[in-house]
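Reader: Could you take me through the salt bridges in this model, with a close look at who pairs with whom and how open those side chains are?

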Amino acid sequence: MLKRILPATFQLRKGVVASSSINSRKISTFLDSEKRRLVIDTELNSVKEEFPWVWLRDNCQCSSCYEPLAQSRIVNLSEFDQKVKPVKCQVTGGQVEVEWEDKHHSVYDYSWLLERSFRPEQREKFSESVCAKTVLWPANFQENYPTADFNSIMTDDSALLSWLEDLDKHGFVLVRNVPIKQGPVHELQARSGFRRLTHYGEDYVVKIKADPSNLAYTHHRIFFHTDSPFYEHMPGVAYLHCIEQHQGEGGETMLADGFKAAAILKETHPEKYRLLSSESAYFKDIGDDYIKFNSIAQHPPLVHNARGELVKINWNHFTRDSYFDVDIDQVEEFYTAMRCYDDILNDAANHIKLKMEPGDMVTTKNLRVLHGRSELKGGVSGRHLHCGYVDWDEIRSTLRVIREKLKENN
Ligand code: NM2
Ligand code: OGA
Ligand code: ZN
Ligand code: ZN
């Protein structure tokens with residue numbers, strides 16, 4: 001059952017399980033009727049493990065409750081009494097057996113239970129295995145940003161893993177030595193997940209176009225932004241492959257760590273941070289490209305998850321709508337807060353700048369890192385990027401698949 005890399009403390013415990021200590025009853029269990037929990041007490045570790053009865057019953061692994069091939073629960077919440085009580089429990093041969101008052105019988109691997117410990121430290125470890133802790137860009141990021149080699153990513157699973165881990169940790173990796181033609185974006189999308197379709201198509205070309213459907217297709221500068229906040233579900237990673245660069249001045253890529261800028265805002269202007277987290281703007285995109293589109297979504301600029309962690313930035317002045325669903329008394333404060341965050345992004349200490357060369361590909365986690373482009377001076381340009389997106393869920397999934405694959409091969 002146990003497939004993940006286990007934290008050190010856990011391996012110790014697994015060792016205990018594998019030994020005869022369970023059979024020699026060094027591990028005791030008891031039923032705490034007041035708290036309605038199964039308590040497991042090991043002699044070797046003073047820490048008690050406690051499991052709520054309702055959770056144990058909900059996670060019974062027997063064939064009437066769980067389908068192992070589909071790894072799915074097959075009993076509905078309505079199909080067991082949430083107040084059901086165990087009448088007996090015992091630990092034998094690495095397993096914890098529970099007999100319930102309704103005659104149901106459950107068996108859990110001891111190690112399986114410990115992995116799912118409710119202790120905050122264990123929950124934190126699991127949470128970090130689901131999503132890497134963000135590493136904010138250090139002051140010298142301009143000189144030290146992560147890079148990856150296209151060919152290595154395509155042919156070597158450890159190189160693929162490093163690229164995706166860097167993307168997970170830092171939100172930006174410059175991929176180098178990419179063949180200078182349209183195509184490699186598709187190869188990298190397929191290697192890391194699959195294409196995310198948007199109303200600009202399953203890929204898109206950034207060039208100066210005669211009939212631009214987006215500001216990106218003009219010579220104008222594009223200030224710091226995350227792509228497509230006009231969607232409820234924005235694309236997770238943007239792949240921007242340079243096939244031809246602007247010959248004159250401009251066309252540089254600017255990148256800013258939106259989470260770092262937010263941390264600075266929180267520290268220096270907590271009220272403004274709160275406002276950008278609790279009030280929303282509309283973002284809209286109307287036009288005709290891959291399909292005729294009229295997209296509109298409402299988001300706070302700073303989005304947090306149920307753990308209170310910042311998880312997503314919605315920042316795009318060129319698609320921010322003029323409709324504004326904020327109490328009229330808060331409008332000025334909202335603008336001041338936006339301006340303050342934007343100033344932090346624009347502070348040279350908080351962003352990096354690079355002018356891609358043909359064969360470079362910017363890969364950027366769109367939920368966290370803001371990108372921009374300086375004006376294509378002169379207005380006429382052969383600059384040509386081939387671009388695409390992959391959803392962040394697919395990147396996280398591929399990360400885990402490749403980790404497992406590399407572990408199995410070792
Ligand atoms: N493009 C480049 O949010 C945006 O408008 C970003 C998206 C047109 C696919 C640009
Ligand atoms: C975009 C974009 C940057 C560039 O296409 O979304 O931001 O360098 N382009 O042209
Ligand atoms: Zn069962
Ligand atoms: Zn963009």
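Author: Happy to! In this predicted model, R37 and E50 form a salt bridge whose closest N and O atoms are 2.7 Å apart. The two residues are 13 apart in the chain, and the pair links distant parts of it: R37 belongs to strand β2 (residues 37–42), while E50 belongs to strand β3 (residues 48–52). Both ends are partly exposed: R37 has 29% relative accessibility, and E50 has 23%. Those values fall in the partly exposed class because buried means under 20% and exposed means over 50%.

Now let's move to E124, which has two partners to look at. One is R307, met in a salt bridge at 2.7 Å from N to O. E124 sits in helix α4 (residues 120–130), whereas R307 sits in the loop between β17 (302–304) and β18 (310–313), so this pair ties together parts that lie 183 residues apart in sequence. The other partner is K133, whose side chain meets that of E124 in a salt bridge of 3.2 Å, N to O.

How accessible are these side chains? E124 is partly exposed at 27% relative accessibility, K133 is partly exposed at 43%, and R307 is partly exposed too, with a relative accessible area of 45%.

These contacts also belong to a wider picture: E124, K133, R307 and E309 are linked in a network of salt bridges. For the model as a whole, the count comes to 18 salt bridges. As for the general idea behind such contacts, side chains of opposite charge can pair when their charged atoms come close.

Note on methods
Residues numbered from 1 in each chain as written. Chains lettered and ligands numbered in written order. Predicted model: local features only at pLDDT ≥ 70, side-chain atom pairs only at ≥ 80, totals over all residues. Heavy atoms only, no water. Salt bridge = Lys/Arg side-chain N within 4 Å of Asp/Glu carboxyl O. Helix = DSSP H or I, 4+ residues; strand = E, 2+ residues; numbered from the N terminus. Buried < 20%, exposed > 50% of the residue type's maximum accessible area, 1.4 Å probe, protein only.
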